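Trainee: I am new to this structure. Could you take me through it?
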Amino acid sequence: MITPEYIFESSWEVCNKVGGIYTVLSSKAQTLTLRHKDKVIFVGPDLGNNPDDFEEDFTLFADWKMLLPTNLKVRTGRWLVPGRPVVMLIAYKTFSDKRDSLYYDMWKDFGVDSSRAYGDYDESCIFAYSVGLTIENFYNFYELGNKNVVALFNEWMLCMGALYLQKHVPAIATVFTTHATTIGRSIAGNNKPLYGQLPAYNGDQMAKELNVEAKHSLEKQTARAVDCFTTVSEITAIECKQLLDKAPDIVTPNGFEDGFVPQNGDYPVKREEARKTLMNVVTKLTGKPVANDAFFIATSGRYEYRNKGIDVFIDTINKLRKNSGLKREIVAFIMVPAWVYAARADLKYVLENNIDQGKPLQTPFITHWLHNTSEDKVLNFILSSGFTNESPDNVRIVFVPCYLDYHDQILNRSYYDLLIGMDTTVFASYYEPWGYTPMESIAFGIPTITTDLAGFGLWVKSIVSGGNIEEGVAVTHRSEDNYFEVVDSISRHIETLMNADGREEIRKRCFAIARRAGWDEFIKYYYAAFDCAFFNAKKRKKQV
């Protein structure tokens with residue numbers, strides 16, 4: 001197996017927390033840097049701000065930066081995650097005038113059709129192009145021609161960087177990872193049956209129908225052109241083969257790094273802090289104290305209402321609300337970033353001044369006002385389901401629609417700081433190529449419920465039965481037409497957990513499963529991908 005001497009990994013989410021790919025890269029960093037030190041270099045966008053997780057270091061590659069072309073502006077530093085890897089942030093907008101020539105070259109050289117591009121396509125492709133230029137310039141400056149260099153590009157947004165290197169620096173082995181195909185996500189997001197009809201779908205035809213032709217063309221041609229094409233789960237591999245006409249060369253499942261999890265005596269302290277924070281916010285919002293033994297349930301992730309099972313989650317909590325036999329109070333949290341306008345001034349005021357009003361605030365289901373409050377699907381479904389968050393209901397539901405980054409002005413904690421305070425989590429996904437959120441949950445010792453339409457759900461069934469939440473993970477069967485059976489199944493798992501003894505044993509089982517999904521276990525799949533890429537790159541060079 002050929003081992004890389006330099007690894008470049010690029011993504012829109014390097015030092016830019018948007019979705020799950022941020023967690024993939026930031027948690028993988030420590031495992032890679034332990035092996036390769038500062039020869040692992042993450043490349044992300046310079047968005048003109050100073051990210052909290054980026055520490056600039058002017059001395060890093062100072063000789064190289066002094067001789068960069070005037071339009072190639074790169075900041076270097078450390079990503080403040082376990083491992084503190086080297087990061088390059090590129091001010092890519094200086095290359096916007098190259099768009100038309102870039103798109104022509106991509107069509108001429110690789111058959112990528114950008115003619116129907118719109119939305120975020122242009123900006124993403126310009127960034128990807130700047131990544132390719134940066135890696136090329138670095139490679140040439142440090143004379144790495146006799147080194148094993150691999151460049152890994154995540155999602156369609158970085159595809160043109162991979163293709164640029166294929167043409168201009170063929171000695172660099174290229175890897176492209178799709179975490180979810182453009183077409184698969186679009187089919188599911190448009191309420192079309194993905195899995196039941198998958199064998200009948202033609203990717204090109206569906207791209208035209210769903211108006212994502214440019215992204216699909218770019219993704220499809222890159223999957224075919226790179227030295228190694230990967231995806232994150234077996235369920236998405238099937239999707240790739242059908243919709244991109246290219247099966248992945250390697251499946252690279254996502255791991256997790258337990259360096260994010262409080263250890264030993266810090267764990268109960270952090271858990272208690274999380275619960276106190278959550279209890280205080282809920283009490284002030286709803287005007288009703290939260291019982292010390294209240295059962296906390298959460299869902300989180302990207303705001304994809306159907307794909308991520310947010311609708312199922314609300315229906316499940318509503319079913320529990322109607323159960324008169326509940327012996328414990330339930331507080332459910334939907335921690336899904338939406339189009340936030342501002343933190344609620346009334347809630348912020350009563351929190352800062354520790355005022356107990358004894359009555360709920362207006363709309364006591366949401367912590368931050370939205371730009372589109374009246375049209376928001378989550379809030380409207382909560383209201384139409386009959387929740388009041390008032391007595392005598394023993395079940396409350398709270399929508400936290402902001403990024404939890406310490407600066408939201410209401411909770412002022414990170415997601416992990418709050419996750420540790422939960423009693424269980426629910427991720428009832430319909431479309432979930434992997435499923436980082438349930439993996440994060442068990443890594444923090446929180447039992448979780450997911451589905452067999454998630455890559456993680458399928459993987460975990462090789463470890464446990466999936467039928468008993470007391471094992472640490474329950475995996476509910478989900479299909480095109482069993483929505484209410486999923487609601488019933490999840491509610492039963494929650495009730496089982498609420499009445500279960502031996503919670504410490506359940507927590508230990510969560511940790512045990514999480515260890516088997518650690519990067520120290522899963523990184524081997526990436527090295528297999530690197531080896532595949534080196535083999536094909538050398539074969540490609542001989543053909544040239």
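What follows is a short exchange on the sheet, the cores, a helix pair and one loop residue.

Mentor: This is a predicted model, where local features need pLDDT of at least 70, side-chain atom pairs count only at pLDDT 80 or more, and totals for chains, interfaces and linings use all residues. Residues are numbered from 1 along each chain as its sequence is written, and side-chain values use heavy atoms, with hydrogens and water left out.

Trainee: Which strands stand at the edges of the open sheet of nine strands?
Mentor: Strands are DSSP runs of E, at least two residues, and helices are runs of H or I, at least four, numbered from the N terminus. Two strands pair if DSSP finds at least two bridges between them. The order is β3-β4-β5-β2-β1-β6-β7-β8-β9, with mixed pairing. Each edge strand has a single partner, so one side of it lacks a neighbour in the sheet: these are β3 (54-56) and β9 (250-251).

Trainee: Which residue of β2 does F8 stand opposite?
Mentor: Strand β1 (residues 6-10) and β2 run parallel, joined by four bridges. Opposite F8 in β2 stands I41.

Trainee: How many residues of strand β2 are buried?
Mentor: Buried means under 20% relative accessible area, exposed over 50%, and partly exposed in between (1.4 Å probe, protein chains only). Strand β2 (residues 40-45) is largely enclosed by the rest of the structure, because its buried residues number six of the six.

Trainee: Which helix gives the most to the largest nonpolar core?
Mentor: A nonpolar core is a set of buried Ala, Val, Leu, Ile, Met, Phe, Trp, Tyr and Cys residues joined through side-chain atoms within 4.5 Å. The largest has 85 residues, and W79, F296, F333 and M335 touch the most other members. With 11 residues, the top contributor is helix α19 (residues 519-543).

Trainee: Are α3 and α4 roughly parallel or roughly perpendicular?
Mentor: Axes are lines fitted to C-alpha atoms, for helices over the stretch in contact, and angles run from 0 to 180 degrees between N-to-C directions. Helix α3 (residues 99-110) and helix α4 (residues 121-141) pack at about 80 degrees, with axes 11 Å apart. Under 35 degrees counts as roughly parallel, over 145 as roughly antiparallel, 65 to 115 as roughly perpendicular and the rest as oblique. The pair is therefore roughly perpendicular.

Trainee: Is E304 buried or exposed?
Mentor: E304 lies in the loop between β10 (295-300) and α11 (310-321). Its relative accessible area is 12%, so E304 is buried.
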